[in-house]
Every structure is written in C-alpha cells, then in structure tokens.
Amino acid sequence: PFDGILLTAAPHVVPPALFEQLRVGGRLIAPVGPDGRQELFRYTKRETRMERESLGPVSFVPLLSGLQR
C-alpha cells in the first residue's frame, strides 16, 4: 500500500483500483471530470470510508485507458 498517489491526468471518475492501493491514512490527489473542466480532489483513506475534499477547479489532460487487446 502507498502513503500517497498523485494523478497528473484527469479521469472522469477515479478508478477503484487506485483507492485499493492506498494504506489507511494514505492520500490520493486527482483532477476529476470531463475534458477541460475538472475539479481537484484530495481523497484520504480511513478505516471504513474514503474522505473527499475539493481543492478547486483545474484543467488537466485526460487520463487515457490502457491498450485493449
């Protein structure tokens, strides 16, 4: 598990696999939303839930999915 994860590209929603990689108390910083209109969030993993705090509007490049075969 990681203490922190920082995304530098914006998904429409955060992939659940990223939350699963955080340790309790770990933080994930991610721009989330459609192209050109995202909001930057800080997620903090707690024992029984995930806290989310808005850090304001941003504009990042989109997060692209992996290669499909």
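This passage describes the strand arrangement and the main nonpolar core of a predicted model.

The model contains an open sheet of 4 strands, in which the order is S1-S2-S3-S4 and the pairing is mixed. Strand S1 (2–6) and strand S4 (50–58) lie at the edges of this sheet, and because each has a single partner strand, one side of each is left without a neighbour in the sheet. From one strand to the next, the twist averages 10°. In general, the strands of a sheet pair through backbone hydrogen bonds, either parallel or antiparallel.

Strand S3 (residues 38–45) and S4 run antiparallel and are joined by 8 bridges, and these two strands form a hairpin with 4 residues between them. Within this pairing, Gln38 has Val58 of S4 as its bridge partner, while Phe41 stands opposite Ser54 in S4.

The largest nonpolar core comprises 11 residues, namely Ile5, Leu7, Val14, Leu18, Phe19, Leu22, Leu28, Ala30, Val32, Phe41 and Tyr43. At least two residues of this core are supplied by each of helix H1 (16–20), strand S2 (22–32) and S3, and S2 gives the most, with 4 residues. Such grouping may be set beside the general tendency of nonpolar side chains to be buried together in soluble globular proteins.

Phe41 thus appears both in this core and opposite Ser54 of strand S4. For Tyr43, another residue of the core, the contacts, leaving aside neighbours within four places in sequence, are with Val14, Phe19, Gly26, Arg27, Leu28, Val32, Met50, Glu51 and Arg52.

Methods
Residues numbered from 1 in each chain as written. Predicted model: local features only at pLDDT ≥ 70, side-chain atom pairs only at ≥ 80, totals over all residues. Heavy atoms only, no water. Pairing = 2+ DSSP bridges. Axes fitted to C-alpha atoms, helices over the stretch in contact; angles between N-to-C directions. Core = buried A, V, L, I, M, F, W, Y, C linked by side-chain atoms within 4.5 Å. Buried < 20%, exposed > 50% of the residue type's maximum accessible area, 1.4 Å probe, protein only. Contact = heavy atoms within 4.5 Å.
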